[in-house]
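Notebook open, viewer loaded. I want the fold down on paper before I go poking at pockets and single residues.

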Amino acid sequence: MNEVNTGHSIKHRLVPQDRFMTPRDLAMSLVAKVSLEPTDIVLDPFRGEGAFFDAIDNKKEWCEIDDGRDFFDEHRQFDWLISNPPYSKLDAVLEYRDWE
């Protein structure tokens, strides 16, 4: 049986559909699994339609390049990043090291 790496195949197609919005119920379920402390500050670096952002009860901030707030220009410290990044930016997000 052939195994399919969906993330890889989506990221590398000739004309990628870069944005897949996370369903709100899934975002709520995923955020509920994170052990956030009451004082933790969370950044949703790719807000999109806000599914993760809206599911976070802590103090929070967001970035969304379509709204003029680019994650790669953000230099403040956060305790958590919770988001669903665009596939074309995945490698850059995983390699981003400007959090000192």
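**Entry 1: elements.** I counted secondary structure along the chain and got four helices and three strands. Reading from the N terminus, I wrote the order down as α-α-β-α-β-β-α. Note to self: this is a predicted model, so every number below is computed from predicted coordinates.

I also pulled two totals for the chain. Of its 100 residues, 27% count as buried. Then I took the contacts with a separation of 6 or more and asked for the share from residues 24 or more positions apart, which came to 53%.

**Entry 2: the sheet.** In what order do the strands of the open sheet sit? I get 2-1-3 for the three strands, with parallel pairing. Strand 2 (59-62) and strand 3 are the edges; each has a single partner strand, so one side of each has no neighbour in the sheet.

Next I went through the pairs. Strand 1 (residues 41-44) pairs with strand 2 in the parallel sense over four bridges. One bridge I checked there joins Leu-43 to Glu-61 in strand 2. Strand 1 and strand 3 are also parallel, over two bridges, and on that side I found Val-42 opposite Trp-80 of strand 3.

**Entry 3: the run-up to strand 2.** I looked at two residues in the loop between helix 3 (51-55) and strand 2, namely Asp-57 and Asn-58. Which of them is buried and which is exposed? Asp-57 has a relative accessible area of 75%, so I logged it as exposed. Asn-58 comes out at 15%, which is under the 20% cut-off, so Asn-58 goes down as buried.

What does the side chain of Asn-58 have for polar company? One of its polar atoms lies 2.7 Å from the backbone oxygen of Glu-37. Skipping residues up to four places away in sequence, I listed the residues that Asn-58 touches: Leu-36, Glu-37, Pro-38, Asp-40 and Val-42. Val-42 is the residue I had just noted opposite Trp-80.

For Asp-57 I took one distance: Ala-32 is 25 residues away in sequence, and the two C-alpha atoms are 9.9 Å apart.

**Entry 4: largest pocket.** On to the empty space. The largest pocket has a volume of about 360 Å³. It is lined by 27 residues, and those closest to its centre are Arg-19, Phe-46, Glu-64, Asn-84 and Pro-86. By class I got twelve nonpolar, six polar and nine charged residues in the lining. I picked two of the central residues, Glu-64 and Asn-84, for a closer look.

**Entry 5: Glu-64.** I located Glu-64 in the loop between strand 2 and strand 3. Buried or exposed? Its relative accessibility is 6%, so Glu-64 counts as buried. With neighbours within four places in sequence left out, its contacts are Arg-19, Pro-45, Phe-46, Arg-47, Gly-48 and Arg-69. Of these, I see Arg-19 and Phe-46 again among the residues closest to the pocket centre.

**Entry 6: Asn-84.** Asn-84 sits in the loop between strand 3 (80-81) and helix 4 (90-95). I logged Asn-84 as partly exposed because its relative accessible area is 30%, between the 20% and 50% cut-offs.

What does Asn-84 reach beyond its sequence neighbours? Leaving out those within four places, I found contacts with Phe-20, Thr-22, Phe-46 and Phe-52. Two of these partners also turned up in the polar search. The side chain of Asn-84 makes a polar contact with the side chain of Thr-22 at 2.8 Å, and one of its polar atoms is 3.1 Å from the backbone oxygen of Phe-20. I also checked Ala-51, which is 33 residues from Asn-84 in sequence, and the C-alpha distance is 9.5 Å.

**Entry 7: second largest pocket.** This one holds about 170 Å³ of space. Twelve residues line it, with Pro-45, Leu-81, Ser-83, Pro-85 and Val-93 closest to the centre. The largest share of the lining, three residues, is from helix 4. What is its make-up by class? I counted eleven nonpolar, one polar and no charged residues, against nine charged in the lining of the largest pocket.

Note on methods. Residues are numbered from 1 along each chain as its sequence is written. This is a predicted model: local features need pLDDT of at least 70, side-chain atom pairs count only at pLDDT 80 or more; totals for chains, interfaces and linings use all residues. Side-chain values use heavy atoms; hydrogens and water are left out. Buried means under 20% relative accessible area, exposed over 50%, partly exposed in between (1.4 Å probe, protein chains only). Contact means heavy atoms within 4.5 Å. A polar contact is a pair of N or O atoms within 3.5 Å; within protein, one must be able to donate a hydrogen and the other to accept it, and residues adjacent in sequence count only if both atoms are side-chain atoms. On a 1 Å grid over the protein atoms alone, a cavity is a set of points where a 1.4 Å probe fits but cannot get out, and a pocket is an open set with protein on both sides within 12 Å along at least five of seven lines; lining residues have an atom within 4 Å of a point. Grid points are joined across faces, edges and corners, and a volume is the space filled by probe spheres set on the points. Ala, Val, Leu, Ile, Met, Phe, Trp, Tyr, Cys and Pro count as nonpolar, Asp, Glu, Lys and Arg as charged, and the others, Gly among them, as polar. Two strands pair if DSSP finds at least two bridges between them.
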